[in-house]
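Grab a notebook and work through a few exercises on the structure below. Try each task on your own before you read its solution.

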Amino acid sequence: MSRVAQLGSRYKSGNLLLPRCTIAIWISSLCYDATYDANCIRDVVDDYIREQKEQFKLLGEESTFTESQFAKTLSDLIIAGIETFSTTFDWFAFYMAMCPDVQSKVRTEIDEVIGTRLPTYEDRLKMPYTEATCIGLQRIGNIGHGLVLRTVTKDIELEGYNIPAGSALIVNVYTMQIDEGYWKNPDELNPDRFLDGSGNVIVKPGSFMAFLLGRRNCIGESLG
Ligand code: HEM
């Protein structure tokens with residue numbers, strides 16, 4: 001059986017989207033393997049291949065950096081990154097249409113900092129109003145709420161409530177991000193609430209949790 005067919009046969013039942021996506025990613029990663037150069041790491045795929053080779057030298061077949069793990073890691077990144085980003089972008093388009101004053105300030109900043117060239121990651125640091133607008137959209141769009149369950153591993157008591165081991169918990173991000181106790185006029189997109197008196201982006205308040213918190217929070221936050 002071919003390597004592709006072997007991978008596909010693991011997913012004979014259930015949702016086909018994930019296995020198909022995984023196989024497509026895995027096939028394209030083979031092209032990467034062919035052009036891999038240890039002296040020129042291009043992106044996360046090259047970095048994985050580098051680590052895979054290192055780990056294989058150290059641990060041989062015991063290494064967990066397998067090709068199947070590789071495909072799953074890449075599909076995790078793509079699935080977690082695509083829907084979240086596209087929904088955020090939908091909210092961006094909606095709110096720019098609904099709030100022309102905000103749109104005009106964002107537009108001015110884009111024209112001044114980027115102009116007609118392609119944007120770079122560093123541009124972001126010079127665009128506090130646009131950054132504050134994106135944070136504001138993530139608060140009001142609330143796309144990550146209820147996304148992930150947590151399981152309690154041992155009996156705990158929290159604020160007077162006994163929560164037995166094995167219970168599933170959801171962090172109520174939605175309520176937190178529109179709570180009037182934390183946000184004045186919570187239904188308004190107001191980028192200024194994320195800017196200080198000098199126009200710099202403030203540290204995000206604890207009641208902003210679009211990417212959640214803790215060890216398993218979103219790894220895309222620095223891009224988001
Ligand atoms: C605006 C865009 C995004 C939003 C709102 C968002 C939101 C979230 C949320 C709420 C979680 C759950 C965190 C937790 O359980 O504590 C999460 C997890 C994750 N996100 Fe994002 N995300 C975004 C973009 C991205 C992008 C672009 C990537 C990849 C490049 C990504 C990769 C991941 C991964 C891999 C996890 C799982 C982390 C883990 O379980 O350790 N996300 N994201």
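What follows is a set of exercises, each with a worked solution.

Two ground rules come before the tasks. This is a predicted model, in which local features need pLDDT of at least 70 and side-chain atom pairs count only at pLDDT 80 or more, while totals for chains, interfaces and linings use all residues. Residues are numbered from 1 along each chain as its sequence is written.

**Exercise 1. The layout**

Task: work out how many helices and strands the chain has, and in what order the elements run.

Solution. Start with the rule for elements: helices (H or I, at least four residues) and strands (E, at least two) are DSSP runs, numbered from the N terminus. Counting them gives seven helices and four strands. Next, read them off from the N terminus, and you get α-α-α-α-α-α-β-β-β-β-α.

Now turn to burial. A residue is buried if 20 or more other C-beta atoms lie within 10 Å of its own, exposed if 12 or fewer, and partly exposed in between, with C-beta atoms placed from the backbone. By that count, 12% of the 224 residues of the chain are buried.

Last come the contacts, where two residues qualify if their C-beta atoms, placed from the backbone, lie within 7 Å. Of the contacts in the chain with a separation of 6 or more, 56% join residues 24 or more positions apart.

**Exercise 2. Helix lengths**

Task: check the spans of α3, α5 and α6 against the expected values.

Solution. The expected span of a helix is 1.5 Å times one less than its number of residues. Take α3 (residues 44-59) to begin with: its 16 residues reach 22 Å from first C-alpha to last, close to the 22 Å expected. For α5, the 14 residues should span 20 Å, and the end C-alpha atoms are 20 Å apart, which agrees. Helix α6 (residues 128-141) has 14 residues and reaches 19 Å, close to the 20 Å expected.

Then look at what follows each helix. After α3 comes glycine 60, with a positive phi near 60°, and α5 is followed by glycine 115, whose positive phi is near 65°. After α6 you meet asparagine 142, with its phi positive and near 55°.

**Exercise 3. Is α6 largely enclosed or open?**

Task: decide from the burial of its residues, and say what covers them.

Solution. Ten of the 14 residues of α6 are buried, so the helix is largely enclosed by the rest of the structure. Among them are Thr130, Ala132, Thr133 and Gly141. The cover over the buried residues of α6 includes α4, α5 (100-113) and α7 (173-178).

Follow α6 into the core next. A nonpolar core is a set of buried Ala, Val, Leu, Ile, Met, Phe, Trp, Tyr and Cys residues joined through C-beta atoms within 7 Å. The largest one has five residues: Ala132, Cys134, Ile135, Leu137 and Phe194. Leaving aside residues up to four places away in sequence, alanine 132 touches Pro191, Phe194, Leu195 and Val201.

Finish with phenylalanine 194, which sits in the segment after α7. Phenylalanine 194 counts as buried because 22 C-beta neighbours lie inside 10 Å. Beyond its neighbours within four places, the contacts of phenylalanine 194 are Ala132, Ile135, Gly136, Val201 and Ile202. The C-alpha atoms of phenylalanine 194 and lysine 204, ten residues apart along the chain, are 7.2 Å apart.

**Exercise 4. Two asparagines**

Task: place asparagine 142 and asparagine 185, and classify their exposure.

Solution. Asparagine 142 lies in the loop between α6 and β1 (149-151). Its 18 C-beta neighbours inside 10 Å make asparagine 142 partly exposed. Asparagine 185 is in the segment after α7, and with 9 such neighbours asparagine 185 counts as exposed. Although asparagine 185 is not a glycine, its phi is positive, near 45°.

**Exercise 5. The ligand shell**

Task: describe which residues surround the ligand.

Solution. A residue is near the ligand if its C-beta atom, placed from the backbone, lies within 6 Å of it. There are 23 residues around the ligand, and Gly81, Gly144, Leu212, Cys218 and Gly220 come nearest. Helix α4 (residues 67-98) gives the largest share, seven residues.
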